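This report goes through one protein model, taking the sheet, the helix packing and a few single residues in turn. It is meant to be read beside the coordinates.

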Amino acid sequence: MYSAYIQRFLERNDYINVIPRAALIDMDGTLYDSMPRHARAWQQMMAEVGIDAPLDDFFRYEGRTGASTIDILFRRFFRRGATEQEKTDLYRRKTELFAAMPPVEPMPGARDMLEFLKSIGVKRVLVTGSGQNTLLNRLDTDFPGAFTHDMRVTSRDVKHGKPHPEPFLMAMTKAAVAPDECIVIENAPLGIEAGNASGAFTIGVSTGPLPLKELEDAGADIVFPSMEECAKALPILVYSLVTTSRNLN
């Protein structure tokens with residue numbers, strides 16, 4: 001069913017096959033339906049310093065570290081980089097605004113996805129551009145046993161955030177796996193770019209206002225229209241990955 005997607009991935013990366021031993025999973029917009037509130041918090045914080053950015057911009061910036069997002073917007077609107085103090089102060093303010101909003105809910109389908117991966121012995125590694133405790137501290141309650149604390153990569157751990165592959169490469173190191181032993185599950189174009197650049201089979205999941213084509217153009221190997229659809233398809237997709245080898249003829 002998914003062999004054409006897998007063959008293209010194998011040929012592009014010169015792999016013989018993919019045996020998923022680890023799943024590298026984004027948080028905001030993937031595990032939690034949090035991106036609309038993150039976007040509003042970003043927009044409100046930036047408006048306070050005189051930056052009028054469209055809401056959809058923050059869905060496109062998703063996956064970057066907070067400092068990187070602030071610096072990009074300063075360069076775009078003020079024609080200068082943000083100072084380290086500005087990055088610290090403004091990200092703190094954005095965190096306050098997000099925390100003051102009503103709590104977000106787990107993304108429909110996320111628990112099913114994680115339970116399936118756990119049932120087949122695939123390691124789960126959290127890979128998020130966030131460093132906010134608002135959601136990080138909820139993971140053990142909302143997804144018990146899904147992510148041990150040594151299997152998490154946040155913005156605090158990396159020098160280069162998404163779209164750089166460093167977060168996913170660090171996750172592979174934590175899980176002791178190679179790129180052809182991984183799948184990435186992401187909802188954001190920058191995260192998909194990072195997953196693709198890391199060499200992992202990258203699954204795009206559309207959970208926000210951005211069209212599916214943006215996820216495809218970012219390099220997703222396959223795209224699903226929701227996390228529920230992704231969770232439903234994952235058993236067949238994993239089976240297809242394990243049983244499909246590159247056509248060498």
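The text below describes a predicted model, beginning with its sheet.

## The sheet

Six strands form an open sheet in the order E3-E2-E1-E4-E5-E6, and the pairing is parallel. Strand E3 (152-153) and strand E6 (222-224) are at the edges; each has a single partner strand, so one side of each lacks a neighbour in the sheet. In general, strands of a sheet pair through backbone hydrogen bonds, either parallel or antiparallel.

At the E3 edge, strand E2 (residues 123-127) runs parallel to E3 and is joined to it by two bridges. One residue pair can be named here: valine 127 has valine 153 of E3 as its bridge partner.

Further along the order, E4 and E5 also run parallel, and four bridges join them. Within E5, threonine 202 stands opposite valine 184.

How many of the five residues of E5 are buried? Five of the five are, so the strand is largely enclosed by the rest of the structure. Both of its faces are covered. Phe201, Ile203 and Val205 are buried on one side, and Thr202 and Gly204 are buried on the other. As a rule, side chains in a regular strand alternate between the two faces of the sheet.

## Helices on the sheet

Helix H6 (residues 110-119) lies across strand E1 (22-25), E2 and strand E4 (182-186). The direction of H6 makes about 155 degrees with E1. Helix H10 (residues 189-198) packs on the sheet as well, where it touches E4 and strand E5 (201-205). Between the directions of H10 and E5 the angle is about 165 degrees.

## Helix-helix packing

Helix H4 (residues 66-78) takes part in two helix pairs, one with helix H5 (residues 84-100) and one with helix H2 (residues 35-48). In the pair with H5, the packing angle is about 110 degrees and the axes are 9 Å apart. That angle makes H4 roughly perpendicular to H5, and the crossing is right-handed. On the H4 side the contact is made by Gly66, Ala67, Ile70, Asp71 and Phe74, and on the H5 side by Glu86, Lys87, Leu90 and Tyr91. By class, the residues of this contact divide into five nonpolar, one polar and three charged.

In the pair with H2, the axes come within 12 Å and cross at roughly 45 degrees. H2 is therefore oblique to H4. This crossing, too, is right-handed. Trp42, Met45 and Met46 of H2 meet Gly66, Thr69, Ile70 and Leu73 of H4. The contact of H2 with H4 contains five nonpolar residues, two polar and no charged. Gly66 and Ile70 of H4 appear in the contact with H5 and also in the contact with H2.

## Single residues

Four residues with their relative accessible areas are listed here.

| Residue | Relative accessible area | Class |
|---|---|---|
| Glutamine 7 | 18% | buried |
| Aspartate 14 | 56% | exposed |
| Phenylalanine 78 | 32% | partly exposed |
| Arginine 79 | 67% | exposed |

Glutamine 7 belongs to helix H1. Residues up to four places away in sequence aside, glutamine 7 touches Thr244, Ser245, Arg246 and Asn247. With 18% relative accessibility, glutamine 7 is buried because the class takes in values under 20%.

Aspartate 14 is in the loop between helix H1 (3-13) and E1. Its phi is positive, about 60 degrees, although aspartate 14 is not a glycine.

Phenylalanine 78 is part of helix H4. Leaving out residues up to four places away in sequence, phenylalanine 78 touches Val49, Gly50, Ile51 and Leu73. Leu73 is also among the H4 residues that meet H2. A separation of 33 Å lies between the C-alpha atoms of phenylalanine 78 and glycine 204, which are 126 residues apart along the chain.

Arginine 79 is located in the loop between H4 and H5. Arginine 79 has a positive phi of about 60 degrees and is not a glycine. With a relative accessible area of 67%, arginine 79 is exposed, since that class begins over 50%.

One backbone feature remains, a cis peptide bond. Which peptide bond is cis? The bond from lysine 162 to proline 163 is, with omega near 15 degrees. Proline 163 sits in the loop between E3 and helix H9 (166-175).

How values were computed:
Residues numbered from 1 in each chain as written. Predicted model: local features only at pLDDT ≥ 70, side-chain atom pairs only at ≥ 80, totals over all residues. Heavy atoms only, no water. Axes fitted to C-alpha atoms, helices over the stretch in contact; angles between N-to-C directions. Parallel < 35°, antiparallel > 145°, perpendicular 65-115°, else oblique. Left-handed = near helix turned anticlockwise from the far one by under 90°. Contact = heavy atoms within 4.5 Å. Nonpolar A, V, L, I, M, F, W, Y, C, P; charged D, E, K, R; others polar. Pairing = 2+ DSSP bridges. Buried < 20%, exposed > 50% of the residue type's maximum accessible area, 1.4 Å probe, protein only.
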